[in-house]
Amino acid sequence: KRESGLCSFSADIISTVEFNYSGELLATGDKGGRVVIFQHEQESKNRPHLRGEYNVYSTFQSHEPEFDYLKSLEIEEKINKIRWLPQQNAAHFLLSTNDKTIKLWKISERDKRAEGYNLKDEDGRLRDPFRITSLRVPVLMPMDLMVEASPRRIFANAHTYHINSISVNSDHETYLSADDLRINLWHLEITDRSFNIVDIKPANMEELTEVITAAECHPHQCNVFVYSSSKGTIRLCDMRAAALCDRHSKFFEEPEDPSSRSFFSEIISSISDVKFSHSGRYMMTRDYLSVKVWDLNMENRPVETYQVHEYLRSKLCSLYENDCIFDKFECCWNGSDSAIMTGSYNNFFRMFDRNTRRDITLEASRESSKPRATLKPRKVSTGGKRKKDEISVDSLDFNKKILHTAWHPKDNVIAVAATNNLYIFQDKIN
C-alpha cells in the first residue's frame with residue numbers, strides 16, 4: 001500500500017469515515033460536529049504519481065452542542081455516522097447524525113452568478129424605482145467555484161437513547177436509524193414522523209439484558225435489515241412479515257465454547273459493527289477480538305472467523321481497567337467482497353484476504369507512512385524471544401486506536417482514521 005494523503009485536525013478526533021457510492025468523495029465527521037468532504041483529484045499525464053490524491057472539497061458545521069432541558073442532559077455535537085445517498089443529479093446528498101438528531105445535507109457547486117438586476121445595484125443595495133429608466137435582462141456571469149452545504153431536512157425527537165447507526169435503504173426513499181433499544185424507519189421527505197420497527201425495551205428496565213449495537217439495511221432487498229446486540233447475536237428481520245419487527249426471521253449466533261468462558265466473555269462477544277457484503281449474500285460482524293463472516297443462509301455459525309488481535313486475550317484484565325475493552329471497532333468490505341479490513345491498537349489496522357486466507361497488519365502513523373512510501377507489514381510478538389522487526393504486546397499504545405476505516409467501492413484505496421489524523425492509502429504503482 002502507498003500513502004497518498006494525510007490531513008491533520010488540531011484536536012478534533014475523527015468519529016466516522018465514509019466514501020460515497022462512486023468513491024469520488026470521502027466524508028469524515030469529527031467530535032466537534034464538523035463534516036469535512038474530500039474530493040478525488042483527476043489523474044493527469046504529467047503527474048501520474050498523484051493517482052488517488054484526495055483534497056478538501058467542502059467543510060461545514062453539521063451539528064452544534066445542545067441541551068435537553070427536560071432531562072438536564074448535554075447533547076454533544078459529535079458526528080456518530082455519515083451515510084451518502086446515491087447521486088441523482090449534479091448535487092450530492094448525505095445524512096449525518098449525532099446522538100439525537102439526523103440531518104440531510106445537500107452539497108452543490110456554484111460557478112456562475114446573476115448580474116444586471118433592475119431593482120438593486122451590483123453591491124446588493126436597492127435602487128430607487130423612480131430612477132429606473134430602462135429595463136435590463138440579468139445575465140449569468142462566471143465566478144470562482146463555490147461549494148455550498150445546506151441542510152435540507154432535519155429529523156429530530158424520535159430517539160430517547162443515543163443513535164448508533166443510520167442506514168439508507170436500497171429503495172433510496174427510506175432509511176433506518178437505531179439507538180440502544182429501538183429502530184425507526186424514516187422517509188427521506190418526511191421529518192415529523194417515523195415508524196418504530198424494533199423495540200426491545202422491557203416494561204421493567206431492571207430486566208434489561210441486552211442493547212442494540214448496530215443496524216443495517218440489505219443492499220438489494222428493501223424489506224430486509226439486520227441488527228446486532230451486545231450479547232453477540234444478530235437478528236435478521238423482514239418488514240413484509242409485520243409492521244413491528246420484534247419477531248426476527250433469522251437469528252445468528254455462534255455457540256460458546258464452555259472451556260474458554262471467563263469473566264470477560266460477555267463483554268468481548270458484544271458486536272460493535274455489522275456490514276452486509278455488496279453482493280448481499282454475506283454479512284460481517286466485528287466483536288472485540290475477531291471479525292466473523294456469516295452466510296445469510298446459515299444461522300448456527302459463521303463461515304469464516306478472523307482473529308484481529310488474539311494476543312490481547314491475556315491482557316483483558318488491564319484492558320477492562322482502562323476501559324479499552326469497551327472500544328467499538330468498525331469493519332468494512334472491499335468493492336468485490338474478496339477482502340475485509342478492521343482496526344486495532346497502536347494505530348495498526350488488519351486486512352484479510354478471503355480467498356487466500358492471508359492477512360496483514362499495517363500501521364497508520366506519521367513515522368511509518370511518509371507520503372508515497374510503501375507500508376511495511378508489522379508483527380506483534382506474543383511471547384518468547386522477540387524478533388528484530390516485531391513489537392512486544394507490552395509496548396503497544398492503547399491510546400492510539402483505529403476505530404473507523406472505509407474502503408473505496410471500486411478501487412484499492414482505503415481511508416483510515418487514526419485519532420485526529422486521516423490517512424489515505426492506495427495500491428502501489430509499479
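D327 lies in the loop that runs between α2 and β24 (331-333). The model is predicted. D327 is buried, because its relative accessible area is 16% and the cut-off for buried is under 20%. Its side chain makes polar contacts with the side chains of Y345 and K401.

**Around D327**
- The polar contact between the side chains of D327 and Y345 is 2.8 Å.
- The polar contact between the side chains of D327 and K401 is 3.0 Å.
- Which residues touch D327, leaving aside its neighbours within four places in sequence? They are Y288, Y345, K401 and L403.
- Y345 and K401 thus appear both as contacts of D327 and as its polar partners.

**Y320 and the nonpolar patch**
- Y320 sits in helix α2, which covers residues 316-321.
- Is Y320 buried or partly exposed? Y320 counts as partly exposed, because its relative accessibility is 33% and the partly exposed class runs between 20% and 50%.
- Together with F263 and F326, Y320 makes a nonpolar patch on the surface.
- That patch has an area of about 330 Å².

**S194**
- S194 is in the loop between strands β14 (182-187) and β15 (195-199).
- S194 has 25% relative accessibility, so it counts as partly exposed.
- Beyond its neighbours within four places in sequence, S194 contacts A158, N184, L185 and W186.
- How far apart are the C-alpha atoms of S194 and R136? They are separated by 49 Å, and the two residues are 58 residues apart along the chain.

**The chain as a whole**
- The protein chain holds 2 helices and 32 strands.
- Its radius of gyration is 24 Å, close to the 22 Å that the globule rule gives for 430 residues, so the chain is as compact as a globular protein of that length.
- The C-alpha trace spans about 95 × 60 × 40 Å along its principal axes.
- Of the 430 residues, 49% are buried.
- Among contacts with a separation of 6 or more, 53% are between residues 24 or more positions apart.
- The chain exposes about 22,300 Å², and carbon and sulfur atoms supply 48% of that area.

Note on methods. Residues are numbered from 1 along each chain as its sequence is written. This is a predicted model: local features need pLDDT of at least 70, side-chain atom pairs count only at pLDDT 80 or more; totals for chains, interfaces and linings use all residues. Side-chain values use heavy atoms; hydrogens and water are left out. Patches are made of residues with over 30% relative accessible area and no salt bridge: like charges are joined within 9 Å, nonpolar side chains (Val, Leu, Ile, Met, Phe, Trp, Tyr) within 5 Å. Accessible areas come from the Shrake-Rupley method with a 1.4 Å probe; for residues, only the protein chains shown count as cover. A salt bridge is a side-chain nitrogen of Lys or Arg within 4 Å of a carboxyl oxygen of Asp or Glu. Helices (H or I, at least four residues) and strands (E, at least two) are DSSP runs, numbered from the N terminus. Buried means under 20% relative accessible area, exposed over 50%, partly exposed in between (1.4 Å probe, protein chains only). Contact means heavy atoms within 4.5 Å. A polar contact is a pair of N or O atoms within 3.5 Å; within protein, one must be able to donate a hydrogen and the other to accept it, and residues adjacent in sequence count only if both atoms are side-chain atoms. The radius of gyration is taken over C-alpha atoms; the globule rule is 2.2 Å times the number of residues to the power 0.38.
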